[in-house]
Amino acid sequence: MSKTTIKFAILAIVLILLQVIGLNNMCLFGVAMAFAYIYVLLHLPLDLSQNWVLTIGFFLGLIVDVFSDTPGMASLSCTIFAALRKPVLRLYLPREEDLTDPCPSSRSIGTPAFMKYAITMALIYCTLIYIIEAFSFFSPIRLVLRIISSTILTWLVIMGIDTLLSRSNEKRL
């Protein structure tokens, strides 16, 4: 196993445990939930095959489903999320040759581009998971409120995780 594979495995385990043990039990004002584990999919290397990205997305969602008692909602959302990852990144980064590191982060693509990428992907994920959960538009105002508030909270958590990981990767003199 390569160093990158081990790094992503540890990151996935830590973020899944954080999600299942902590974040699934916290709901801000009864509407906002943070989904920290999607950072693993956001941060996967761009040179990784699309088949692997979809498989990782499905199994990541499946593990969260098993521990969160959500029958397939996270699996479906993570799989669609994984499929949309690269096209959304191309909106904010037209040339992949500009990357200093194949893993998208605020350090490799720049903070403004990563912020836009992260908020867009958080919005996509929160929209997917809440529409699948509701499976109807019975309360559209509450649905939109949950999507927007969870998107903002998830984005803040993702930016915090990225800041912590970028800081630990910096070379010290």
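This report covers the largest pocket, the cysteines and two single residues of this structure. The model is predicted.

**The largest pocket**

Rolling a probe the size of a water molecule over the atoms shows where empty space is left. Here, the largest pocket has a volume of about 440 Å³. Its lining is made up of 19 residues. Closest to the pocket centre are Thr5, Phe8, Ala9, Ala12 and Ile56.

Which helices supply at least two residues each of this lining? They are H1, spanning 3–22, and H3, spanning 50–68. H1 gives the largest share, with eight residues.

The lining can also be sorted by class. Nonpolar residues number 16, and polar residues number three. No charged residue is found in the lining.

**Cysteines without disulfides**

A disulfide is a covalent bond between the sulfur atoms of two cysteines. How many disulfides does a search of the whole structure find? The search finds zero. Distances for two of the cysteines follow.

| Cysteine | Closest cysteine sulfur | Sulfur distance |
|---|---|---|
| Cys78 | in Cys126 | 11 Å |
| Cys103 | in Cys78 | 18 Å |

Why does Cys78 form no bond with Cys126? The two sulfurs lie 11 Å apart, which is too far. A disulfide needs sulfur atoms within 2.5 Å. Cys103 is in a like position: because the closest cysteine sulfur, in Cys78, is 18 Å away, a bond is ruled out.

Accessibility adds to the picture. Cys78 is buried, with a relative accessible area of 0%. Cys103 is buried too, at 4%. The cut-off for buried is under 20% relative accessible area.

**Thr151, in helix H7**

Thr151 sits in helix H7, which covers residues 140–169. Is Thr151 buried or exposed? Its relative accessibility is 4%, so Thr151 counts as buried.

What does Thr151 touch, leaving out residues up to four places away in sequence? Its contacts are Ile119, Ala122, Leu123 and Cys126. Cys126 has already appeared above: its sulfur is the closest cysteine sulfur to that of Cys78.

**Ile10, in helix H1**

Ile10 belongs to helix H1, the helix that gives the largest pocket eight lining residues. Ile10 has a relative accessible area of 51%. The cut-off for exposed is over 50%, so Ile10 counts as exposed.

How far is Ile10 from Ile132? Along the chain, they are 122 residues apart. In space, their C-alpha atoms are separated by 29 Å.

How values were computed
Residues numbered from 1 in each chain as written. Predicted model: local features only at pLDDT ≥ 70, side-chain atom pairs only at ≥ 80, totals over all residues. Heavy atoms only, no water. 1 Å grid on protein atoms, 1.4 Å probe; cavity = no way out; pocket = protein on both sides within 12 Å on 5 of 7 lines; lining within 4 Å. Points joined across faces, edges and corners; volume = space filled by probe spheres on them. Helix = DSSP H or I, 4+ residues; strand = E, 2+ residues; numbered from the N terminus. Nonpolar A, V, L, I, M, F, W, Y, C, P; charged D, E, K, R; others polar. Buried < 20%, exposed > 50% of the residue type's maximum accessible area, 1.4 Å probe, protein only. Contact = heavy atoms within 4.5 Å.
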